[in-house]
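Dear colleague,

I am handing over the structure we spoke about, and below it you will find my notes on what turned up when I went through it. Please read them with the coordinates open.

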Amino acid sequence: METPGSQSSLHRANLERVVRAVRLAGSLTQAEIARTTGLSAATVSNIVRELKDHGTVEVTPTSAGGRRARSVSLSGDAGIVIGIDFGHTHLRVAIGNLAHQVLAEESEPLDVDASSAQGFDRAEELVERLIAATGVDRSKIAGVGLGVPGPIDVESGTLGSTSILPGWGGTKPADELRERLGVPVHVDNDANLGALGELVWGSGKGVRDLAYIKVASGVGAGLVIDGKIYRGPGGTAGEIGHITIDESGPVCRCGNRGCLETFTAARYVLPLLQPSHGSALTMEGVVRLARDGDPGCRRVIADVGRHVGSGVANLCNLLNPSRVVLGGDLAEAGELVLGPIREAVGRYAIPSASRQLSILPGALGGRAEVLGALALALSEMGDSTLLDGSATAALPVVAPAFT
């Protein structure tokens, strides 16, 4: 038995620190591991050698700053995580390993009027299909990350009322899938997972403070403070869509008037263009037409950008993030929407908050949330099983990386 403060317990703690750093980052050089963990270069070198001999990590030659280096990542067969993303009109599932490689990924349409039970049935079927297709060992599944388009109560795990997936309010998605799949399930809202995905693999990589703004059927923000998702005590942090823009504006689904969402979300924006463009128009179509030069669509995109920018300015004044990443279909509009956002931020944010702010489109597109779900599962798993077990047969890799 290890005694607290003993050499063996200290060594164990150092092993876990190194494994955790690599697990969360995907891959790090030994110098980066030393900076991240605070351990000496010699200690890191010895631990990496031990973990490599154990089959827990893989070491490959690389370069850093023009110098030769050694990149350390977890072994591809050390474990498996699953990401599930429920959206307004889609279900997306991905299976990845601890080396941050995607083994399989698939999406399919989801009927927004379907019951939660039907949705969970579809998710279970898709997970089982991908497990069978990749031939992964079920005993290697370390956990599942689950994304839903609504607020999750931190204490109870209950999904709050959502008009995006009607009839799902009051359910406990993590408990439901845990019973079906027999593995740990961790749940969060889609904006937080989008933030986590972009933070780890996308436009937020390398920053510690980030706001991910998703404009789709609703409007939400995932907030990263000091490298961690900030959810608030009740799990509702980031509801930027319900900042009041006009007290005399349209009635919002939350019961208030003139929320940011009523000026930017698809359900409010699309009717503005239906008289001239027809009722079949989607936000994806609006963005495509705007990029092709359609004046009406360009005007609407610009207006949405200015309204989003006023909300971002409020966030900047309160939290002072170093980067804002725009996700959802709207991000595909590029500078047509980013320009008006920057203009509004420059007008309404205090100079000290906006001076060092960068505003970028998301790099992961529609995959941000499911990759964030994989990242959530990776962040929540413990390191003991990686250190106590041993590597076995390698898993097939059918896609090269999360990006």
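The model has an open sheet of five strands, ordered β6-β5-β4-β7-β8, in which the pairing is mixed. At its edges lie β6 (102-109) and β8 (185-189), each of which pairs on one side only, and neighbouring strands are turned against each other by 15 degrees on average, direction ignored. Please keep in mind throughout that this is a predicted model.

Strand β7 (residues 141-148) runs parallel to β8 and is joined to it by five bridges; within this pairing, Val144 has Val185 of β8 as its bridge partner. Helix α13 (residues 368-380) packs on the sheet, where it touches β4 (80-86), β5 (90-97), β6, β7 and β8, and its direction makes about 140 degrees with that of β4.

Two residues of helix α10 may also be of interest to you. Ser310 is found in this helix and, because its relative accessibility is 15%, under the 20% cut-off, it counts as buried. Leaving aside residues up to four places away in sequence, Ser310 touches Ile245, Ala344 and Tyr348.

Leu319, by contrast, belongs to the stretch 295-319 that makes up helix α10, and it counts as partly exposed because its relative accessibility of 40% falls between the cut-offs of 20% and 50%. Together with Ile225, Tyr230 and Leu318, Leu319 forms a nonpolar patch on the surface, and the accessible area of these residues together is about 400 Å².

With best regards

Key: Residues numbered from 1 in each chain as written. Predicted model: local features only at pLDDT ≥ 70, side-chain atom pairs only at ≥ 80, totals over all residues. Heavy atoms only, no water. Patch = residues over 30% accessible without salt bridge, like charges linked within 9 Å, V, L, I, M, F, W, Y side chains within 5 Å. Areas by Shrake-Rupley, 256 points an atom, 1.4 Å probe, with all protein chains shown as cover. Salt bridge = Lys/Arg side-chain N within 4 Å of Asp/Glu carboxyl O. Helix = DSSP H or I, 4+ residues; strand = E, 2+ residues; numbered from the N terminus. Buried < 20%, exposed > 50% of the residue type's maximum accessible area, 1.4 Å probe, protein only. Pairing = 2+ DSSP bridges. Axes fitted to C-alpha atoms, helices over the stretch in contact; angles between N-to-C directions. Contact = heavy atoms within 4.5 Å.
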